[in-house]
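Grab a coffee and work through these exercises with the model open beside you. Try each task before reading its solution.

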Amino acid sequence: MDEPIDGAFQKPADRAHALGSLQRIHVPMRRFKENEEVDYVIVGCGSAGGVLLQRLARAGFRVVALEAGPFWDTERDWVSDESGSHQLYWEDPRVTGGKNPLALGANNCGRGVGGGSVHWAAFTPRFHPSDFEIYTRDGVGADWPISYETLRPYYEQLELEMPVAGPAYYPWGHPHGYAYGPHPMGGVGNALIKGCSALNIPVSIGGPVAILSGSHGDRPHCIYRGFCIQGCKVGAKASTLVTHVPDALESGAEIRDYSMASRIELGVSGRVVGVHYFDSNGIGHFQKAKAVIVAGYSIETPRLLLNSACPGHEKGLANSSGTVGRYLMAQAGNVVLGRFDEPVRMYKAPPAHALTEEFYETNPKNDFARGFAIQTVGPLPIAFARQMAAAKKAWGWGLRREMMDYNQWATFGLLGEILPWADNRVTLAEETDRFGLPVAHVVFNLHDNDKKLIHAAKEKTMEVMFAAGATEVVQEARYAHLVGAARMGADPRSSVVDKFGRTHDIANLFVCDGSILPSQGSANPGLTIQALAARIADYLISQGSTIFTSERRDMTEPPLRRELAPPGTYGRGVPRRK
Ligand SMILES: Cc1cc2nc3c(=O)[nH]c(=O)nc-3n(C[C@H](O)[C@H](O)[C@H](O)COP(=O)(O)OP(=O)(O)OC[C@H]3O[C@@H](n4cnc5c(N)ncnc54)[C@H](O)[C@@H]3O)c2cc1C
Ligand code: SF4
């Protein structure tokens, strides 16, 4: 069969750039000349970069995104297959160390248009109000320079733009509901419900998750086949590739793919003047710009700032505080696996579809601050084999034997808040990549509070798995979701950027991605990262061209610009394209 079965939908008119079984980009991309000074260069077109690009282009700015990876045509480039999906990840060399070294590569960063939102599982809980003031409330970490209430309109906005499916009433943090209905349960979700119910733990079912529970514009609904972290070839899972990039291009933005930013250039005026980058042939280029926004993820963002050291900024750009690269965070992401007598078939649903945040907040009865969440995880066979090898030390025939029972296993993931510590950091290694650029050296150590929290979270998650009826329970220690390393704060002596992502040191240099988070809660960070990007875009738009020339910092909160949302945001089942 040559064409997809389109059901009630109309067949796409032609074979333009495909972003799913139905969605197409038909417009030719605008191309700027390198010696043409654009308004903004955004480094990285991922979760934050994609939202920024769309907003700034729609507001009429001339904007180019430099993206190290490819601009995916999903029909041509993607497969619904675990082993065929490795090109989605940032697999370039990095050095990892410390007492608890982080696994890098597939476990964290994306590479290619859409970035990490292409391979995320799309769990989209909001951060809780307490996350914004953990120092004031609990005496740990750092407060944010903004409150939950500042970000709340952007949470609500992005939940419509993705859109997010979830329950009508979500009880944790600031209680709220979702405009789009929840998903049906898969086997692993049913196990979580059973385990939580037996222990009297409230559980949210069917979301919040940025996966379509009904058709939306030119994107079809989920078909529950479980290849979400392989990209979702169907186009039902939200990624900025399918939610924001099409409108960015229609609004006149350029995405230059296979373009690896190597250095941000500082001009004699003390303002940045553009970005050096390498194309796929290793040839160097320079794009002139009036302002630069770095959105390259918590490892590549500090790496680029450090690699941009120059006279007067010997420690790296925007690093007068010495905090570039510091306060890197990962969430504890232990996977707990339980074997059931009956088949669970955990692959038959999106991995993300049920969770509890009942243990999220600091509990005075605990001997640690902050908390954790428990979520569904549905590893496909290769990931499951890796987890069994780690959890049970199974190999050879023993591993084959475990794999025969794959259908009878369920997995839950805990998501635990690890605090921001100055010694968890990104620096430059002596090793270089294929462009000759020093690679990132990532050091990670667990501290006392982190160890106690992980222990308690692991015990509770195993208890829930047994309560669900598992006859055998094992676990694998791991980490997820890197954030921090260029944190925002009011004090230039202890942070890299202000509350609008503007570096304290350089008036026309911004950072906008997960690296600006001062703390991370135990909610998955993607929604917060995109909400922050929409807010920073609103700020830049409200400042107009003064950003390009003035040193003055207007700290007034910008108005929320709903009118800049991608078309179709407020419709349901309404075709986005005419
Ligand atoms: C398996 C997995 C599952 C996940 N599931 C969830 C989930 O369910 N919910 C959730 O909220 N989060 C989830 N996450 C985390 C989420 O994907 C990230 O937190 C988020 O994408 C980070 O956004 P970002 O904008 O900081 O960076 P990214 O989205 O990674 O974007 C950075 C982009 O910059 C590009 N880039 C980097 N350096 C350069 C350079 N020098 N030049 C040019 N381009 C560059 C990269 O190629 C990339 O495209 C998951 C992550 C993984 C690995
Ligand atoms: S389960 Fe749904 S969201 Fe996940 S890959 Fe399949 S269609 Fe996409």
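For the classes below, Ala, Val, Leu, Ile, Met, Phe, Trp, Tyr, Cys and Pro count as nonpolar, Asp, Glu, Lys and Arg as charged, and the others, Gly among them, as polar. This is a predicted model, where local features need pLDDT of at least 70, side-chain atom pairs need 80 or more, and totals for chains, interfaces and linings use all residues. Residues are numbered from 1 along each chain as its sequence is written, and ligands are numbered from 1 in the order in which they are written.

**Exercise 1.** Describe the shell around ligand 1 by class.

*Solution.* Start with who's there: 37 residues surround ligand 1, and among those that come nearest are Ser47, Glu67 and Phe123 (near: a heavy atom within 4 Å). Sorted by class, the shell has 16 nonpolar, 17 polar and four charged residues.

**Exercise 2.** Find backbone atoms that sit by a nitrogen atom of ligand 1.

*Solution.* Begin at Phe123, where a backbone N or O atom lies 2.8 Å from a ligand 1 nitrogen. Then go to Ala261: here the distance from a backbone N or O atom to a nitrogen of ligand 1 is 2.9 Å.

**Exercise 3.** Characterise the lining of the largest cavity.

*Solution.* First, the lining: 15 residues, with Cys222, Arg225, Gly226, Cys228 and Cys232 nearest the centre (on a 1 Å grid over the protein atoms alone, a cavity is a set of points where a 1.4 Å probe fits but cannot get out; lining residues have an atom within 4 Å of a point). Next, the classes: eleven nonpolar, one polar and three charged.

Terms used:
Side-chain values use heavy atoms; hydrogens and water are left out. A polar contact is a pair of N or O atoms within 3.5 Å; within protein, one must be able to donate a hydrogen and the other to accept it, and residues adjacent in sequence count only if both atoms are side-chain atoms. On a 1 Å grid over the protein atoms alone, a cavity is a set of points where a 1.4 Å probe fits but cannot get out, and a pocket is an open set with protein on both sides within 12 Å along at least five of seven lines; lining residues have an atom within 4 Å of a point.
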